[in-house]
Amino acid sequence: MWGYVNLNFFIIFTTSQGVYPFSTRKCSETYLFHTYFKQTPCFFFLPQMYNTIFFLILIIPLSGYLLEQFLIHLNNKMWSDKLPEKLEGICPEEEYRKSQLYDRDNKKLSFWSSTFNLAIILLMIIAGGFSFVDDIARSFSLNLVIIALIFFIIIGFASEIINIPFSWYDTFVIEKKYGFNTMTGRTFVTDYFKSWLIALIIGMPVLGLLTWFYYRAGAGFWFYAWGLVTALSVFINFFYSELIVPLFNKQTPLPEGSLRDKIEEFADRAGFTLKNIYFIDGSRRSTKSNAYFSGFGKKKRIVLYDTLLKEFTEEEIVAILAHEIGHYKKKHVLVNLVLSVLVTGFMLFLFSLVVDNPKLSQALGAEESSFHLGLIVFGILYSPLSLIIGLITNIISRRNEFAADRFVKDNYDSRILGGALRKLSVKNLTNMMPHPLYVFFHYSHPPLLQRLERLE
Ligand SMILES: [Zn+2]
């Protein structure tokens with residue numbers, strides 16, 4: 001043990017302050033170091049900790065953070081004091097200015113939140129925080145599955161708690177300042193409790209089973225895990241509207257009347273059987289409008305925010321729905337689900353290749369390797385690949401958006417859709433002049449101007 005401590009102390013000094021003349025120190029001083037470490041928990045001074053993976057899991061989050069700051073910097077440079085020529089007739093100057101301020105406020109908050117989160121992650125890795133939590137979890141039980149669950153509950157809960165202030169600031173300062181927030185403090189708190197409850201009810205059994213598969217089936221566990229995750233995502237896709245949404249919102253079938261007639265008439269003409277048209281009380285939380293599509297086959301339903309019903313004409317709402325129907329008719333919903341299942345399988349397979357390597361857990365300062373520590377390290381190592389997969393997904397998604405818009409152009413009215421998209425963007429204070437590289441990395445939908453161009 002002493003050898004370990006000594007060696008590691010040397011490494012810390014050589015890495016953080018250049019080469020420290022450790023070997024020339026007098027014996028008595030070396031002895032002092034020994035007694036000092038004797039009283040300190042040694043979990044973060046294991047020599048095995050400083051392997052290649054240790055440095056990789058420090059470098060990867062840091063590089064991701066720097067890349068993000070660079071993209072934001074590019075985006076900020078796109079703003080101008082005057083309304084850009086391209087936006088004339090599309091966005092009033094006043095709204096343009098407001099969207100700029102809104103974007104700045106959001107970026108500032110996200111800067112502080114990502115800096116804080118990066119600092120926490122790096123600190124947890126360097127100081128052996130994950131291995132410390134692992135020790136706590138191990139003190140409760142000898143069962144490997146229970147240890148993993150306790151570990152994930154502590155890590156998950158802690159990360160939720162430290163991010164609540166950012167979420168609170170976003171809702172009650174920024175969103176309120178721009179007139180979007182309609183949420184009460186009570187809704188904010190109960191939303192958190194409900195989402196934790198869902199995470200416990202769905203997430204814990206799934207994580208428990210995944211861990212159990214690993215300890216039972218060994219390297220082939222990824223295949224069972226894949227089956228489980230796939231079954232779960234198909235289940236959630238089918239029952240999302242019936243099981244999850246009612247916990248947060250009230251859904252009401254769209255009543256008989258001219259809007260429902262117009263929607264049904266369009267659906268008939270497009271050869272789309274549509275029984276479930278609902279509206280949802282989105283105005284309980286925000287004045288922002290939206291519409292979405294969920295489920296498959298007989299379960300498929302279209303959901304409109306009540307804010308949409310208040311502020312858009314019936315023709316505009318039909319155009320927005322026509323876009324959603326376009327996604328369904330062109331099989332985007334199904335293809336997305338299949339793609340995400342394939343990506344999950346690929347990820348689990350990669351995970352199975354490395355999870356047995358003791359270097360993963362060692363990099364976090366733990367002496368004993370485990371599934372949960374392996375998962376944490378893998379999550380970080382995987383993030384560059386996940387970034388690339390995200391880029392590809394976004395490219396596909398942006399193409400699908402154009403295709404759904406084209407469906408509206410061919411089957412309904414492109415001018416009405418253009419008008420509705422413009423209204424939606426202006427009202428939601430969307431950034432209409434994002435940097436192309438920022439769009440390439442982050443946008444699942446093409447920016448408004450590109451969509452309007454294609455609709456002409
Ligand atoms: Zn769409």
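Which residue in strand 2 is the bridge partner of Pro253? In this predicted model, the bridge partner of Pro253 is Tyr278. That pair is a convenient way into the sheet, after which the text turns to the helices, the cores and a few single residues.

Pro253 belongs to strand 1, which covers residues 251-253, and Tyr278 to strand 2, which covers residues 276-280. The two strands are joined by 3 bridges and pair in the antiparallel sense. Strand 2 is also joined to strand 4 (residues 301-305), here by 5 bridges, and these two strands run parallel. In this second pairing, Ile280 stands opposite Tyr305 of strand 4. Strand 4 in turn pairs with strand 3 in the antiparallel sense, over 4 bridges. Ser294 has Arg301 of strand 4 as its bridge partner.

Put together, these pairings give an open sheet of 4 strands in the order 1-2-4-3, with mixed pairing. Strand 1 and strand 3 (291-294) are the edge strands, each pairing on one side only. On average, and with direction ignored, neighbouring strands of the sheet are turned by 30° against each other. Strands of a sheet pair through backbone hydrogen bonds, and the pairing may be parallel or antiparallel. Helix 11, residues 314-329, lies across strand 3 and strand 4 and runs at about 30° to strand 3.

Following the chain on from strand 1, the loop that leads to helix 9 (258-269) contains Pro255. Is Pro255 buried or exposed? Pro255 has 9 other C-beta atoms within 10 Å, and because a count of 12 or fewer is classed as exposed, Pro255 is exposed. Pro255 and Phe279 are 24 residues apart in sequence, and their C-alpha atoms are 9.4 Å apart in space.

The 4 strands are accompanied by 17 helices in the protein chain. Two of these helices can be compared with the span expected of a straight helix. Helix 3 (residues 52-76) has 25 residues, which at 1.5 Å a residue should span 36 Å; its end C-alpha atoms are 36 Å apart, so expectation and model agree. Its buried residues are Ile53, Ile57 and Asn75. These buried residues pack against helix 4 (93-126), helix 13 (358-363), helix 14 (371-411) and helix 16 (436-442).

Helix 14 gives another result. What would a straight helix of 41 residues span at 1.5 Å a residue? The figure is 60 Å, but helix 14 spans only 52 Å between its end C-alpha atoms. Helix 14 also has a kink of about 45° at Ser383, shortly before the proline Pro384. Ile392 is found in helix 14 too. Ile392 is exposed, with 11 other C-beta atoms within 10 Å. Ile392 and Phe441 are 49 residues apart along the chain, and 9.3 Å separates their C-alpha atoms.

The next topic is the interior. Of the 456 residues of the protein chain, 24% count as buried. In soluble globular proteins, nonpolar side chains tend to be buried together. The largest nonpolar core here has 37 residues, and those that touch the most other members are Ala148, Phe151, Leu360, Ala363, Leu364, Leu373 and Val377. Which residues does Ala148 contact, leaving aside its neighbours within four places in sequence? They are Leu207, Thr211, Phe371 and His372. A second, separate core of 33 residues includes Ile263, Val318, Ala319 and Leu452. Considering contacts between residues at least 6 apart in sequence, 74% join residues at least 24 apart.

Two loop residues remain. Lys331 is found in the loop between helix 11 and helix 12 (332-354). Its phi is near 65°, a positive value in a residue other than glycine. Lys331 is exposed, with 11 other C-beta atoms within 10 Å. Leu429 lies in the loop between helix 15 (414-427) and helix 16. Phi of Leu429 is near 55°, again a positive value in a residue other than glycine. Why does Leu429 count as buried? Leu429 has 21 C-beta neighbours inside 10 Å, and a residue is classed as buried because 20 or more other C-beta atoms lie within that distance.

How values were computed:
Residues numbered from 1 in each chain as written. Predicted model: local features only at pLDDT ≥ 70, side-chain atom pairs only at ≥ 80, totals over all residues. Pairing = 2+ DSSP bridges. Expected span 1.5 Å × (residues − 1). Contact = placed C-beta atoms within 7 Å. Bend = angle between axes of the 7 residues up to and from the residue. Axes fitted to C-alpha atoms, helices over the stretch in contact; angles between N-to-C directions. Core = buried A, V, L, I, M, F, W, Y, C linked by C-beta atoms within 7 Å.
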